[in-house]
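Subject: Structure handover

Hello,

Here is the structure I promised to pass on. Please open it beside this email and follow along.

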Amino acid sequence: MRAVIMDAPGQIDVTEREDPRIFEPTDAVVRLTATCICGSDLWPYRGVEPVDHLLMGHEYVGLVEEVGSAVTTVEPGDFVVGSFVISDGTCELCRAGYPSKCVNAEFVHGGIGTQAEKARIPYADGTLVATPGQPDDDLIPSLLAAFDVLGTGWFAADAAEVGPGKTVAVVGDGAVGLMGVLAAKQLGAERIIAMSRHADRQVLAREFGATDVITERGEEGAARVRELTDGLGAHSVIEAVGTKESLMQAIGSTRGGGHIGFVGVAHDDVKLPMDQVFFSEVHLHGGPAPVRRYLPELIELIWDRRIDPGKVFDLTLPLEEAAEGYAAMAERRATKVMLTL
């Protein structure tokens, strides 16, 4: 089968891999309909993370082709959406609502790689969710968005305790930040402040529910949020970047006692001034999103056409042109790239 391999930073190759097959009775093999490129894929692409012939991709939708003997919730022919973290669905952490911390957790990129024609998904019952039927073609981008960027933005909003009557600020205008805006709107936020310097993303943020857009960053951005909230700061802040600047901007934008949902992937060089964090008196909750927890609700919202997160894809390419998709995202010519098969 054809699949995307990152040979080294900046080097994307679409080449032949062995077709996946069932190894364990809990496995499923999925023939992918669409996949996409994630902002986190850009870390190794830019050389921030080590990479050497890495199997790429962790976002996927498609048709179940084969299942192991122990799989009971999906069957061949089902159209499925899955999480970017493999989870068994039965361990104590899964049952507590944190499948991304499952005792059998495995990230889908690397060992599996779903920028490919097919993928073997371990623990299919705990990882995959079947849609109510075969989706119309126009629903596929939204379903593809559900299990990573939408699920991650939703978790960020949930972790930030977004709710009716609250003011929400969103740090980051990439795909996850925009999904955070959409999630905040769906969860009933009264005011949603999007932080963005990109005109096209500002338009989409307003379409998803932003009531205000500010262009300032860093301390200036935090000061602008406080100015818009009677000097107090937002009740809830979504942080969707992962840098020191973005995290401190989020903390500075949050009122005392407020909540931050942080889902931007941070790295070793991100060091926070803990005295400022300590005296901010804010709640911090985040990490890899437990997307599987939210998938049934998100699929229902998409299936009933109450939300359209697929609008976040602004470039669609065939799998063979994956290298151009990576370049477009790295150069900020695209917010989110969908790869079709």
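Asp-52 touches Met-6 and Asp-7, leaving out residues up to four places away in sequence. This is a predicted model, so please read everything below in that light. Asp-52 sits in the loop between α1 (42-45) and β4 (54-55). Is Asp-52 buried or exposed? Asp-52 is exposed, at a relative accessible area of 60%. Gln-11 is 41 residues from Asp-52 in sequence. In space, the C-alpha atoms of Asp-52 and Gln-11 are 9.8 Å apart.

His-53 belongs to the loop between α1 and β4 as well. Look at its backbone. His-53 has a positive phi of about 55°, although it is not a glycine.

Glu-161 is another one to check. Glu-161 is not a glycine, yet its phi is positive, at about 55°. You will find Glu-161 in the loop between α4 and β11. Glu-161 is partly exposed, with a relative accessible area of 41%.

Now the sheet.

It is an open sheet of 6 strands, with parallel pairing. The order is β13-β12-β11-β14-β15-β16. Which strands stand at the edges? They are β13 (212-214) and β16 (283-286). Each has a single partner strand, so one side of each is left without a neighbour in the sheet. From one strand to the next, the twist averages 20°.

Take β11 and β12 within that sheet. Strand β11 covers residues 167-171 and pairs with β12 in the parallel sense, over 5 bridges. Val-168 stands opposite Ile-192 in β12. Ala-169 has Ile-193 in β12 as its bridge partner. In a regular strand, side chains alternate between the two faces of the sheet.

Why is β12 described as largely enclosed by the rest of the structure? Strand β12 spans residues 191-195, and 4 of its 5 residues are buried, so the rest of the structure largely encloses it.

Two helices lie across this part of the sheet. Helix α5 (residues 175-186) lies across β11, β12 and β14 (234-239). Helix α5 runs at about 175° to β12. Helix α7 (residues 218-228) lies across β11, β12, β13 and β14. Its angle to β12 is about 160°.

Next, the helix packing.

Helix α5 also packs with α4. The axes of α4 and α5 come within 7 Å and cross at roughly 55°. The two helices are therefore oblique to each other. Their crossing is right-handed. On the α4 side, the contact is made by Val-149, Leu-150, Thr-152, Gly-153, Trp-154 and Ala-157. On the α5 side, the residues include Ala-175, Val-176, Met-179 and Leu-182. By class, the contact of α4 with α5 has 10 nonpolar residues, 4 polar and no charged.

Helix α4 (residues 140-159) has a further partner, helix α10 (residues 291-303). Their axes lie 9 Å apart and the packing angle is about 120°. That makes α4 oblique to α10. The crossing of α4 and α10 is right-handed. Which residues of α4 meet α10? Among them are Ser-142, Leu-143, Ala-146, Phe-147, Leu-150, Trp-154 and Asp-158. From α10, the contact includes Val-291, Arg-293, Tyr-294, Leu-295, Glu-297, Leu-298 and Trp-303. The contact of α4 with α10 divides into 14 nonpolar, 3 polar and 4 charged residues.

Last, a residue in another helix.

Thr-127 is found in helix α3 (residues 124-127). Thr-127 is buried, with a relative accessible area of 0%. What is Thr-127 in contact with, leaving aside neighbours within four places in sequence? The list includes Tyr-60, Val-81, Gly-82, Ser-83, Val-85, Ile-86 and Ser-87. It also includes Ile-121, Pro-122, Arg-292 and Leu-295. Leu-295 appears in the contact of α10 with α4 too.

When you go through the model, try this order. Begin with the loop that holds Asp-52 and His-53. Move on to the open sheet. Then turn to α4, with α5 and α10 packing against it. Finish at Thr-127 in α3.

Best wishes

Notes. Residues are numbered from 1 along each chain as its sequence is written. This is a predicted model: local features need pLDDT of at least 70, side-chain atom pairs count only at pLDDT 80 or more; totals for chains, interfaces and linings use all residues. Side-chain values use heavy atoms; hydrogens and water are left out. Axes are lines fitted to C-alpha atoms, for helices over the stretch in contact, and angles run from 0 to 180 degrees between N-to-C directions. Helices (H or I, at least four residues) and strands (E, at least two) are DSSP runs, numbered from the N terminus. Angles under 35 degrees count as roughly parallel, over 145 as roughly antiparallel, 65 to 115 as roughly perpendicular and the rest as oblique. A crossing is left-handed if the near helix is turned anticlockwise from the far one by less than a right angle, and right-handed if clockwise. Contact means heavy atoms within 4.5 Å. Ala, Val, Leu, Ile, Met, Phe, Trp, Tyr, Cys and Pro count as nonpolar, Asp, Glu, Lys and Arg as charged, and the others, Gly among them, as polar. Buried means under 20% relative accessible area, exposed over 50%, partly exposed in between (1.4 Å probe, protein chains only). Two strands pair if DSSP finds at least two bridges between them.
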